[in-house]
Amino acid sequence: MAVAGEARLPAGSASGGWLARVPPALWVLALLALLMPAFANNFILFQVFGWTFILGMIALSLMFLAGYGGMVSLIQMTVAGLAGYLVAILGPSGTEQVSLGLPWWINIPAAVLIATFFGTLVGALAVRTEGIYTIMITLAIAAAFFYFTRQNYTIFNGYSGFSLVVPPQLFGIDWRQPVAFYYLTLGCALLSYAAVVYVARSPFGLALQGVRDNARRMAALGYNVVWHRILAYGFAAVIASFGGILLVWQNAQIAPGTAGLPAVIDILVIAVVGGLRHPVGPFIGAFIYVLLSSFAPDILQALGLAPDRFKLIVGIGFLAVVYFSPDGVLGLWERAMARRRNRTDPLTGLPR
Amino acid sequence: MAALARANPIVVLLAGLLVAALLWLIIAPWPPGVTGVMGPKRVFLAAILSGITLGALYFLVASGFTLIFGLMRNVNLAHGSLYLLGGYIGFEVADRTGSWLLAFPVVFIIVAALGVVLQYVVFRRMEGEELRQTLVTIGLSIVIADLLLWIWGGKSYQILTPDFLSGPMDLPLITAVRSDGAAVYLRYPRVRIWILIAAVVVGVAMWLVINRTRIGMLIRAGVDDREMLAASGLPIQLVFVLVFAFGAGLAGVGGIVGGTFQSISPGEDTRFLLASLVVVIVGGMGSIPGAALGALIIGLAEQIGLVYAPTYSVVFTFLIMAAVLAFRPQGLLGARR
Amino acid sequence: MRRSFLAAAAAIALAMPGAALAQETIKIGILVALEGAFSEGGRDGVRGVELALRQVNNTAGGRRIETIVAPTDTRPDTAVRQARKLIEQDGVDFVIGPLSGSEGIAIRDYAKTVPDKTFINGSSGALETTWVDPAPNFFRFHTDGAQWGVGLGQYVVEQKRWRRIATVSADYSFGYTNFLGFAVDFCRAGGDIVRRFWVPLGASDYAGVIAQLPDDVDAIYLGLGGTDAINFLNQYAQAGAQMNFIGGTIMADQTVLTSRGRAKDLLIGTPTSGMISDENPDAAWTAYVAAYRGAFPEGQRFPSPTIFATGYHIATLAAIKALNDVSGDLSGGQRRFQQALATMELDTPLGKIKLDQNRQAIGPVFVNEVTARADGSLFNRMVKRADNVTQTLGLTPEQFRALGLPSRDNPDCARLRAGR
């Protein structure tokens, strides 16, 4: 329980040592992140990092449920998509026949509230199931949502969706300018990260991890297992909602495909490739995903292959990671570190 | 059945009434009042039959999936890829030899062999790790889909229908009565009727093998308690491989059937994977009768939806699945574990 | 592994903007769908660009041209992302693309945020792209999805004498748009649409729909595409019904006509219409087809160029001509280049094309009939050609605006017939 913040650390790593070694690296990283606009171009800021932070947030909400709650939910992209849709429906957009054009201080909170309510409701259904069935029920609802948005024109404007959905001009700043958007997504990502770390160490988070490890014992101890799980869905939905709103602002548009099944699976892939054991995993996974989907065609071209085979490369890469390292990239890293640290004799504990 | 009636008298009563009403709608000539509400009887009958025959195709594909899951707890999300591969190979065989029937054994053997490889290389190494199996098979399906696209391209393939399956036939179902008193019978595609018959034969055969033979006994024992069976020294790994091969081969054969009365193209793998998932979850994972019931419900929901509420017809199946999972997670005919 | 990483790094470094050579070469970004259902069409689009560039030896306006392909998956999100990569990261001068309708609308809105770059549409056919709030730097040198229906309606009423029809079309924006073009023409010529079926995309079992088709009509209009079209035809043959068909543009395009199996044979004799005609006797077209066949070995191309190849080819031709007109001068926010595009009259394989005030092509549309060759393969035989088709389908802009945007209920056939 003492190392709850790191979810399930491998047995080999001592709690104090790991934490003590992190801060310098984290400081360097933070400084790098803050100064990024000084040396990166607009594309890197807006697309590579902006998109990484957004996908990272949505995948983080999945990591929270899967890593701390033991519930692999595929609904997170759908919750994000719904929040994005709601901003477009309630607020101003280029699709004037549907959009209500309400001001930002109504449409953003309303979007988050409704999407969170939806995510919690799905959670309430999903917690009745376990393991593979949780994956299936959330996948089914995600598919139903996708097809519904594609067929419904009165609310979701069907196949075309909404265009020209942009963030409000607050404090005289155009938040879609690359530097502003970079800091906006960075800020949101950091807040979400901090929130997840904080909640994971709070009594609620600790109880949730207890439920994950042994639901029956927790119930016997007087914890309401079902409510802990449903609340976890609610909390994850808040993070996913903000991610979804940022996503629609980044693309300036939303259509059914934004939360289609490939996108839903992508979020799972991102979270798993990054690693489900620590909240930084989803961001690592998102960064890899964004780099691959942005530059895979260039890499293929450089290798003299046709650019249309990049799906194969991505698929093989993903397959290799999940086949050889169930904990994702983070797991690989931790195992490498553990191996370095554990160069001691297993019998005497003395360095070899 | 009697126990079920005692436990849920209202549900059973309602289900009985529903079945009776349905039977009346199918057999009796419709009075004008009913036609006014539901449109011509011909349309209704066609929707019901199309639903049943589509369900037959779903059953062929999903029964392998459910068997594999029931026995080994293996979540094979590459099942749709096996279907698609079977369809493509079936097309090549039928196209080159001109024999539609020859495609069946060839496809069955090739796809079953691939199934054996999958069982050895993937599933045996990660027994009991559901999430990892899910992810690895998702990765596999992405890779296989792109390989198939590379080989066969993005165009549609329709497997040549043999003459004895082409065209329509008259069914002994009256759609209307002419003013001169002559009954009008329903004309219906012959191939769909044969698919239904084939699915029933396969389903009954599977049931017989599972319930009446020694290997079936092993499978049932494995479904009930895998650890106990393994501990008793029986060749459980051999049973696993056989079942996996059979389930995979069935998916491949399903590809030929689907490619004959629909068509084969990229994306069909996902469609049939989703259909199999929905069918198996609605019916109950691991249960063959459950897969039959699930396939029937989903087939009917799709076709009746397409006729009476086309706009949202694609949403219904997923809502049914979500509802079943939420209120009866083990599926309609699944055993509670 | 290390080598591939180095290659990747080299590729990224090369792709960085501000390379010294940029002054000399012109970079064109090709935004094209290379994943999923449209991947074959997308590859043909790239062939269309390559063909045009080969013909001018990769030079226009005195400057060398190089291309960068950005693959999409037909999702508008991806199209915008890849366009942004082309402009911001790869530093291209202008973009040719995208391929499909909803991508086009998304790129129109993205184009407004980069007014100093130019976008020439590849083959996306949404009406809204150049009709609703168009972008000043977005150009489309081919006819749109609604224009593709023009001529067909009049043809079936006057030549085939089919006046009462039912329709089965795909329930999404292109389905509505393509149907609108046909229906406006058909209803104004005196036709009547008795029933409309809208089928969701990918609803691959049509038995229930086929059973509902009325048998007291002259023909059935089919506005499905790709696999959906094949499935419908296959199941229609199984049901043993026999009715005349009228084909929407994607019902009888190359992807359907080159599919494997017998289902497509049901289309023989079906009138259809679209941007191109496979056996157009025009010298410009035959020269283009010969060049296409000569440039790419059989098996690596379609029997004759698709609308994707042709759309991207025409876009490239327009770019080359405009570059020649301004002598390769793209300075000053590309205003002279854009001006040249907007005002040119372009010679294309389809005939002369010019743009209207929304930078949308006014050009020819072809009415075809699906015909079998001696070897059994199918092609679109030209039976009629409508020239100078405008985006408003021959109506005044006010009348056209009054119709409303394409949707399930649009247009109102009775009103159009009465307004004749």
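This is a short dialogue on reading a predicted model, from one chain to its sheets, domains and interfaces.

Biologist: Where do I begin with chain A? How many helices and strands does chain A have?

Modeller: Count the elements. Chain A has 13 helices and zero strands. Its pattern along the sequence is therefore a run of α with nothing else, α-α-α-α-α-α-α-α-α-α-α-α-α.

Biologist: What share of the residues in chain A is buried?

Modeller: Chain A holds 352 residues, and 53% of them are buried. Look at the contacts too. Take those in chain A between residues at least 6 apart in sequence: 74% join residues at least 24 apart.

Biologist: Now a single residue. Is Tyr58(B) buried or exposed?

Modeller: Count the C-beta atoms around it. A residue with 20 or more others within 10 Å is called buried. Tyr58(B) has 28 within 10 Å, so Tyr58(B) is buried. You will find Tyr58(B) in helix 4 of chain B.

Biologist: Which residues is Tyr58(B) in contact with, leaving aside its neighbours within four places in sequence?

Modeller: Tyr58(B) is then in contact with Ala275(B), Val279(B), Ala295(B), Ile298(B) and Gly299(B). Compare a pair by distance as well. Phe91(B) is 33 residues from Tyr58(B) along the chain, and their C-alpha atoms are separated by 19 Å.

Biologist: On to sheets. What holds strands together?

Modeller: Strands of a sheet pair through backbone hydrogen bonds, in parallel or antiparallel fashion. In chain C, six strands make an open sheet. The order is 2-3-1-4-5-6, and the pairing is mixed.

Biologist: Which strands stand at the edges?

Modeller: Strand 2 (59-60) and strand 6 (138-139) of chain C do. Each has a single partner strand, so one side of each has no neighbour in the sheet.

Biologist: How many bridges join strand 1 of chain C to strand 3 of chain C?

Modeller: Eight, and the two strands run parallel. Strand 1 of chain C covers residues 26-33. Find Ile28(C): Thr67(C) in strand 3 of chain C stands opposite.

Biologist: Which strands does helix 3 of chain C lie across?

Modeller: Strand 1, strand 3 and strand 4 (94-96) of chain C. The helix runs at about 150° to strand 3 of chain C.

Biologist: How is chain C divided into domains?

Modeller: The domain assignment gives domain 1 (2-143 + 282-358) and domain 2 (147-274 + 365-418). Their C-alpha centres lie 29 Å apart. At the boundary, 18 residues of domain 1 of chain C are in contact with 18 residues of domain 2 of chain C. On the domain 1 side, helix 5 of chain C gives the largest share, three residues. That side has seven nonpolar, eight polar and three charged residues.

Biologist: Do the same for chains. How many residues are in contact between chain C and chain A?

Modeller: 32 residues of chain C are in contact with 28 residues of chain A. Helix 3 of chain C gives the most to the chain C side, with eight residues. By class, that side has 16 nonpolar, five polar and eleven charged residues.

Biologist: And which element of chain B gives the largest share to the side that touches chain C?

Modeller: Begin with the counts. 35 residues of chain B are in contact with 32 residues of chain C. Helix 4 of chain B gives the largest share of the chain B side, six residues. The chain B side divides into 18 nonpolar, twelve polar and five charged residues. Tyr58(B) lies in that helix, helix 4 of chain B.

Methods
Residues are numbered from 1 along each chain as its sequence is written. Chains are lettered from A and ligands numbered from 1 in the order in which they are written. This is a predicted model: local features need pLDDT of at least 70, side-chain atom pairs count only at pLDDT 80 or more; totals for chains, interfaces and linings use all residues. Two residues are in contact if their C-beta atoms, placed from the backbone, lie within 7 Å. Helices (H or I, at least four residues) and strands (E, at least two) are DSSP runs, numbered from the N terminus. Ala, Val, Leu, Ile, Met, Phe, Trp, Tyr, Cys and Pro count as nonpolar, Asp, Glu, Lys and Arg as charged, and the others, Gly among them, as polar. Domain bounds come from an automatic or database domain assignment. Two strands pair if DSSP finds at least two bridges between them. Axes are lines fitted to C-alpha atoms, for helices over the stretch in contact, and angles run from 0 to 180 degrees between N-to-C directions. A residue is buried if 20 or more other C-beta atoms lie within 10 Å of its own, exposed if 12 or fewer, and partly exposed in between; C-beta atoms are placed from the backbone.
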